[in-house]
Amino acid sequence: MFRTILEETNEDEFLRLEGVMATKLESLKSRHDTKDLANYFESSWRRKRRNWGYAYRLGDGINTNMFVEAFHRVFKYQYLNGKQNKRLDKAVFNLVKYSRNSVFHRLIKLTKGKNTYRSDVIYDRHKRSLTMATEVNQINDNKWSIVSENDKTKRYEIKLVQKDKCREATCRLMCTDCQFCIHQYTCTCIDSLMNSLSCKHVHYLHQLVNLNSAVEENLTDEQNIVQSPLQRD
C-alpha cells in the first residue's frame, strides 16, 4: 500500500489514500507488537509526506537515494577523508573544491564525447519505445492521450510544449535518433514527472507523429504529380 501512496501523482487522491493509511496506523498502534513501528512511521514519515510523496515532487527530477547519497559518499571519503567535519570554513572550502573538480570532469566528458547518465537514460527510453504497440488518441493539435502498456485502463496525457528545437542553446538532453529534446514534450507518467526526462511514451508518440507526417507528405507529392500533367494540358 505504501508504494501505491508513494507513486500517486494526484494530490487529492494522495490525501485520500493517506487517510486510509492513517486508519491502518491506528490499528497498528493498538497492538503491542506493532505499536513502536506505527509510532516511528507516524513521526518519521507521515508528517514529512511533502518530502517523499510524488504528488509534491512533480518535476523535481531528483532521486535522493541515488544522487544525494552518491554525492555524500564522494564528499565524505574523498574530500573529508572519512572524518567528521566540525569546522564551517573547512566544509565550505571542500565544497568549492568539489564543485571545481565536478566542472572539470564534466568538461572532460563533453570533450571526449562520453555519454552522461541522463543521456543513457534517454537512449534507454528510446529503445523501449521501439517495442511499444499501444493506442494513441489525439485530443488537439498539441495534446495526445496514450494507453499504458502495463495497465490498459490507465491513460497518460502528452503535451507538445514547443514545436521548434530547444530554446536552450547548450541543451544536450536530446534523443539523437528522434531529434527532439526533453523540453519539447511533457507526459503525465511517473517516469517523466519524477525524472524530468523524455519517457518511452514521448518517444513513441514522436515517432508516430513523424511517420504520419511523412505519409501525408508522400500523398501530397503523389497528388501533385498526378495533377501536373492535367494542368499542362
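Two strands count as paired if DSSP finds at least two bridges between them. With that in hand, start at a hairpin. In this predicted model, β1 and β2 form a hairpin with two residues between them. Strand β1 covers residues 136-140, and strand β2 covers residues 143-147. The two pair in the antiparallel sense, over four bridges. Follow two of the pairs across. Val136 stands opposite Ile146 in β2. Asn137 has Ser145 of β2 as its bridge partner.

Now step from β2 to the next strand. Strand β3 holds residues 155-160. Five bridges join β2 to β3, and these strands run antiparallel. Ile146 turns up again here, with Tyr156 of β3 as its bridge partner. Ser145 likewise has a bridge partner in β3, namely Glu157. Strand β2 is mostly covered, with four of its five residues buried.

Which side chains of β3 point to the buried face? They are Tyr156, Ile158 and Leu160. Arg155, Glu157 and Lys159 point to the other face and are not buried. The side chains thus alternate along the strand. Put this beside the bridges. Tyr156, the partner of Ile146, is on the buried face of β3. Glu157, the partner of Ser145, points to the other face.

One more strand completes this sheet. Strand β6 spans residues 185-187. It pairs with β3 in the antiparallel sense over three bridges. Here Ile158 has Cys187 of β6 as its bridge partner. Ile158 is also one of the buried residues of β3.

Put the pieces together. Four strands form an open sheet in the order β1-β2-β3-β6, with antiparallel pairing. Why is one side of β1 and of β6 left without a neighbour in the sheet? Both stand at the edges, each with a single partner strand, so one side of each has no neighbour there. Neighbouring strands of this sheet are turned by 25° against each other on average, direction ignored.

Next, the helices. Helix α7 covers residues 117-130. Its 14 residues reach 21 Å from the first C-alpha to the last, close to the 20 Å expected at 1.5 Å a residue. Val121, Ile122, Arg125, His126 and Ser129 are the buried residues to look for in α7. They cover an arc of only 145° around the axis, which puts them on the same side of α7.

Look more closely at His126, which has its place in α7. Is His126 buried or exposed? Its relative accessible area is 7%. The cut-off for buried is under 20%, so His126 is buried. What does His126 touch, leaving aside its neighbours within four places in sequence? It is in contact with Cys175, Asp177, Cys178, His203 and Gln207. Of these, Cys175 belongs to β4 (174-175).

Helix α2 can be read in the same way. It holds 19 residues, 11-29. At 1.5 Å a residue, it should span 27 Å; its end C-alpha atoms are 26 Å apart, which agrees. Phe14, Leu17, Glu18, Met21, Ala22 and Leu25 are buried in α2. They cover an arc of only 165° around the axis, which puts them on the same side of α2. Asp12 and Thr23 are exposed on the other side. What do the buried residues of α2 pack against? They pack against α1 (2-6), α3 (35-44) and α4 (49-52).

Two loop residues deserve a look at their backbone. Asn81 lies in the loop between α5 (64-79) and α6 (88-112). Its phi is positive, about 55°, although Asn81 is not a glycine. Asn81 is exposed, with a relative accessible area of 58%. Gln179 sits in the loop between β4 (174-175) and β5 (180-181). Phi of Gln179 is near 60°, again a positive value in a residue other than glycine. Gln179 is partly exposed, with a relative accessible area of 44%.

Finally, step back to the whole chain. The protein has nine helices and six strands. Buried residues make up 30% of its 233 residues. Take the contacts between residues at least 6 apart in sequence: 51% of them join residues at least 24 apart. The protein exposes about 16,500 Å², and carbon and sulfur atoms supply 50% of that area.

Notes:
Residues are numbered from 1 along each chain as its sequence is written. This is a predicted model: local features need pLDDT of at least 70, side-chain atom pairs count only at pLDDT 80 or more; totals for chains, interfaces and linings use all residues. Side-chain values use heavy atoms; hydrogens and water are left out. Axes are lines fitted to C-alpha atoms, for helices over the stretch in contact, and angles run from 0 to 180 degrees between N-to-C directions. The expected span of a helix is 1.5 Å times one less than its number of residues. Buried means under 20% relative accessible area, exposed over 50%, partly exposed in between (1.4 Å probe, protein chains only). The arc is that of the directions from the helix axis to the C-beta atoms. Contact means heavy atoms within 4.5 Å. Accessible areas come from the Shrake-Rupley method with a 1.4 Å probe; for residues, only the protein chains shown count as cover.
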